[in-house]
Amino acid sequence: MKNQVTLVISGLVVLLVSIFALMNNTTVPINFGFAKISGPLIVIIIIAFILGAVATIFFSLQTLFSKNRQIRQLDEKYGDEFNQYKEDNVRLREEVKAVEERYRKTLNEVEEDLYKMKDENSKLQSELNNVSIHQEPREI
């Protein structure tokens, strides 16, 4: 998406510069200090535009190469350490999954035991109620 926006904006700039150049087609002199030339303004505007674009590309590429060099240097310096961290991360995630699985298994076992104890408690409570209902109270 970003590339499409950049392409559209670049196309609009080229279109505007072209329209501006076509509107200014008179012959003008240019003095470079050591030489003097004259030519149609449209040609001079287009040449200036192209030179500006080339300069922009040149400085952008210089920055890009500088950043790529810096990335390579950092990768050489910290690459092994970074890879070790990635491996540790994977190992730790696996350990966490194993611990979670043991926790779930233990929790299920405890819940099963709890339900069994509740059932047993209910049975014992009902037996106690049955026994106390059928027996006569004793005098001490």
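**View 1. Phe58 and Phe59, two exposed residues that form an aromatic pair.** Phe58 is exposed, and Phe59 is exposed as well, in what is a predicted model. A pair of aromatic rings is described by the distance of the centres and the angle of the planes. Two aromatic pairs are counted in the structure. In the pair formed by Phe58 and Phe59, the ring centres are 5.3 Å apart and the planes stand at 70°, so this pair is edge-to-face, given that planes over 60 degrees apart are counted in that class.

**View 2. The span annotated as a transmembrane region, residues 37–61.** The label "transmembrane region" comes from an unreviewed UniProt entry, which places the feature at residues 37–61. In the model this span is 84% helix and 16% strand, and the C-alpha atoms at its ends lie 32 Å apart.

**View 3. The span annotated as a domain, residues 24–77.** The unreviewed UniProt entry gives residues 24–77 the feature name "domain: Lipopolysaccharide assembly protein A". Helix makes up 69% of this span and strand 19%, while its end C-alpha atoms are separated by 56 Å.

**View 4. A nonpolar patch on the surface, to which helix 1 and helix 2 both contribute.** The patch covers about 790 Å² and is made by Met1, Val5, Ile9, Val13, Val14, Ile46, Phe49, Ile50 and Val54. Helix 1, which runs over residues 2–23, and helix 2, which runs over residues 41–134, each supply at least two of the patch residues. Met1, one of the residues that make the patch, is found in the segment before helix 1. With a relative accessible area of 75%, Met1 is classed as exposed, because that term applies to values over 50%.

**View 5. The span annotated as a coiled-coil region, residues 82–127.** Here too the name is taken from an unreviewed UniProt entry, in which the annotation "coiled-coil region" covers residues 82–127. Across these residues the chain is 100% helix and 0% strand, and the C-alpha atoms at the two ends are 66 Å apart.

**View 6. Glu95 and its side-chain contact with Arg91.** Glu95 has its place in helix 2, the helix that extends over residues 41–134. The relative accessible area of Glu95 is 39%, and this residue is therefore described as partly exposed, a term for values between 20% and 50%. The side chain of Glu95 makes a polar contact, at 2.8 Å, with the side chain of Arg91.

Technical notes
Residues are numbered from 1 along each chain as its sequence is written. This is a predicted model: local features need pLDDT of at least 70, side-chain atom pairs count only at pLDDT 80 or more; totals for chains, interfaces and linings use all residues. Side-chain values use heavy atoms; hydrogens and water are left out. UniProt positions are given in the numbering used here, feature names are shortened, and annotations may be inferred rather than shown by experiment. Helices (H or I, at least four residues) and strands (E, at least two) are DSSP runs, numbered from the N terminus. Rings of Phe, Tyr and Trp (its six-membered ring) pair if their centres lie within 6.5 Å; planes under 30 degrees apart count as stacked, over 60 as edge-to-face and the rest as tilted. Buried means under 20% relative accessible area, exposed over 50%, partly exposed in between (1.4 Å probe, protein chains only). Patches are made of residues with over 30% relative accessible area and no salt bridge: like charges are joined within 9 Å, nonpolar side chains (Val, Leu, Ile, Met, Phe, Trp, Tyr) within 5 Å. Accessible areas come from the Shrake-Rupley method with a 1.4 Å probe; for residues, only the protein chains shown count as cover. A salt bridge is a side-chain nitrogen of Lys or Arg within 4 Å of a carboxyl oxygen of Asp or Glu. A polar contact is a pair of N or O atoms within 3.5 Å; within protein, one must be able to donate a hydrogen and the other to accept it, and residues adjacent in sequence count only if both atoms are side-chain atoms.
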